[in-house]
Amino acid sequence: MTAPPIGGPGLAQVRRVCTDVPGPRSRDLADRRNAALPAGLTSAAGVYVAAAGGGVVVDVDGNSFIDLGSGIAVTTVGNSAPAVVSRAAAQLAQYIHTCFLATPYEPYIEVAETLNRLAPGNHEKRTALFNTGSEAVENAVKYARAATGRSAVVVFDHAFHGRSLLTMTMTAKNQPYKHGFGPFAPEVYRAPMAYAYRWPSPQNCAAEAFDQFAQLVDSQIGADAVACVVVEPIQGEGGFIVPAEGFLRSVADFCRERGILLVADEIQTGIARTGAWFASEHDGLVPDLLTTAKGLAGGLPLAAVTGRADVMDAAHLGGIGGTYSGNPVACAAALGVFDEINDHQLINRARDIGDRMVSELQSIAATTDVIGEIRGRGAMIAAELVLPGTREPHRDAVAALTRHCQRNGVLTLTAGTFGNVLRFLPPLTISDALLTEAFGVVREGFAAL
Ligand SMILES: *Cc1c(COP(=O)(O)O)cnc(C)c1O
């Protein structure tokens, strides 16, 4: 086999399908995988990667796909982005691990300082680092419980917060995340999300959803038992649900009046994805604690809890940590991500990409009757598909479109409690030409339904 191409932005930025999809080398890898990996561990795409960068992913058969997924909102600055690669490579050569709990190092502090500066609010902040999003959410709950002396956690319908025991409990959807994996963690309560498209009276959605939330807290749980409310400012896996205007601010005010901490789970929305450093900014939200992960380190495992100094200082000495938490190579990569975003104005680029995706989808919607709603912010846009003339979820259309796109050299992702949402999360380094070409393929997919 010839040497694989080098990834990063130097990779030829083209869509190219030169074999069946998946091709013979991917099929060989699938056979080996089936013999070596458990059956329940699935992948959305049937192709195996050789290189990626800019706006494309190249597979082991030489097919080049336009990337509309960014490894699920992770490679926001592009795969193998130059500043990420150079910073991480230098760090690899210097030292890889000492364990921050044992022998600390500067890159961790620099990531924390940066997140403290960028996170919403002018109050004093602290940041602790972890490896995965689930771990960040778990630890945000630990900080909230330590600071308030209360135990209840309130989450929302359609939420996704992770797959560990506590965060799986906080996640809303049974299949595939929870089924058969209980019993679940105690003291997790669920309120309705202000999901206007599926609310019986959409114009009253924010007020009615807030009333139900307030009743749950005040009448059922008791506000003085609630440590925190955890919410995604735009729900990710749930289908890019943008809470109805005003809902999040009402929740935030309610929490502040009752000493309940507000945790914004920005693991999918954070780090430039939505056309702001954090999606909380769009709602004028200043969360007490904020979690980040996916886009934070350009693909290396790194997660963070950033929050009010008084809250985070409440956890006792030695209570929080982990062997790999805040790994120096991952921290160096995160510093490279901040460089890429600042040097290339990627926050503006996210807005521009969002505008382009919305107008592409609106023009497709004029030609089909299966697009129920187009929503999202910045480079985080989704189309919810429904049976024509109804709001019934149209899962089969999403599956058919995903297949069509993959066979024609475009990688997309799905989402939604009902599996009927096509979601688009391109890297912010994708060119306008590739983006337009990709939506041409999406358009053909809708025409072929
Ligand atoms: C992906 C995600 C998580 C979980 O992150 P992992 O790194 O997969 O553990 C938590 N919350 C949100 C909003 C996410 O999108």
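This talk goes through the ligand site, the cavities, one pocket, an aromatic pair and a few backbone details of a predicted model.

I'll start with the ligand. Which residues are around it? Going along the chain, there is T132, G133 and S134, then F160, H161 and G162, and after those E232, D265, I267, Q268 and K294. Sorted by class, that shell has six polar residues, three charged ones and two nonpolar ones.

Next, some contacts of the ligand. Two of them go to the backbone. At G133, a polar backbone atom is 2.8 Å from an oxygen atom of the ligand. At F160, a polar backbone atom is 3.3 Å from a nitrogen atom of the ligand. Another contact involves a side chain: an N or O atom of Q268 is 2.9 Å from a ligand oxygen. How much of the ligand's accessible area does the protein cover? On its own the ligand has 380 Å² of accessible area, and the protein covers 83% of that.

Now the cavities. With a lower limit of 30 Å³, the count is two. The largest has a volume of about 50 Å³. Its lining includes H158, A159 and F160, a run of T171, A172 and K173, and also Y177. Further along the chain, E237, G238, G416 and T417 complete that lining. You have met F160 already, as one of the residues around the ligand. By class, the lining of the largest cavity has five polar, four nonpolar and two charged residues.

The second largest cavity has a volume of about 40 Å³. A119, P120, H123 and K125 are part of its lining, and so are P287, D288, L289, L290, T306 and G307. Which strands each supply at least two of these residues? They are β9, residues 289-292, and β10, residues 303-308. Here the classes come out as five nonpolar, three polar and two charged.

On to a pocket. The second largest pocket has a volume of about 420 Å³. It is lined by 21 residues, and the closest to its centre are F100, Y108, A128, Y143 and I320. Two elements give two or more residues to this lining: helix α4, at 106-118, and strand β4, at 125-130. Of these, β4 gives the most, with five residues. The lining divides into twelve nonpolar, seven polar and two charged residues.

Then the aromatic rings. The structure holds twelve aromatic pairs, and I'll show one. Why is the pair of F424 and F439 called tilted? The ring centres are 5.0 Å apart and the planes stand at 55°, so the pair falls in the tilted class. F424 is in strand β15, residues 421-424, while F439 is in helix α13, residues 432-447, so the pair ties together parts 15 residues apart in sequence.

Last, the backbone. Where are the cis peptide bonds on my list? One runs from V21 to P22, with omega near -5°, and P22 sits in the segment before α1. Another joins Q175 and P176, with omega about 0°. P176 is in the loop between α6 and β6. There is also I72, a residue other than glycine with a positive phi, near 60°. I72 is in helix α2, which covers residues 70-73.

That is the end of my list.

Conventions:
Residues numbered from 1 in each chain as written. Predicted model: local features only at pLDDT ≥ 70, side-chain atom pairs only at ≥ 80, totals over all residues. Heavy atoms only, no water. Near = heavy atom within 4 Å. Polar contact = N/O pair within 3.5 Å; in protein donor to acceptor, adjacent residues only side chain to side chain. Areas by Shrake-Rupley, 256 points an atom, 1.4 Å probe, with all protein chains shown as cover. Nonpolar A, V, L, I, M, F, W, Y, C, P; charged D, E, K, R; others polar. 1 Å grid on protein atoms, 1.4 Å probe; cavity = no way out; pocket = protein on both sides within 12 Å on 5 of 7 lines; lining within 4 Å. Points joined across faces, edges and corners; volume = space filled by probe spheres on them. Helix = DSSP H or I, 4+ residues; strand = E, 2+ residues; numbered from the N terminus. Phe/Tyr/Trp six-rings, centres within 6.5 Å; stacked < 30°, edge-to-face > 60°.
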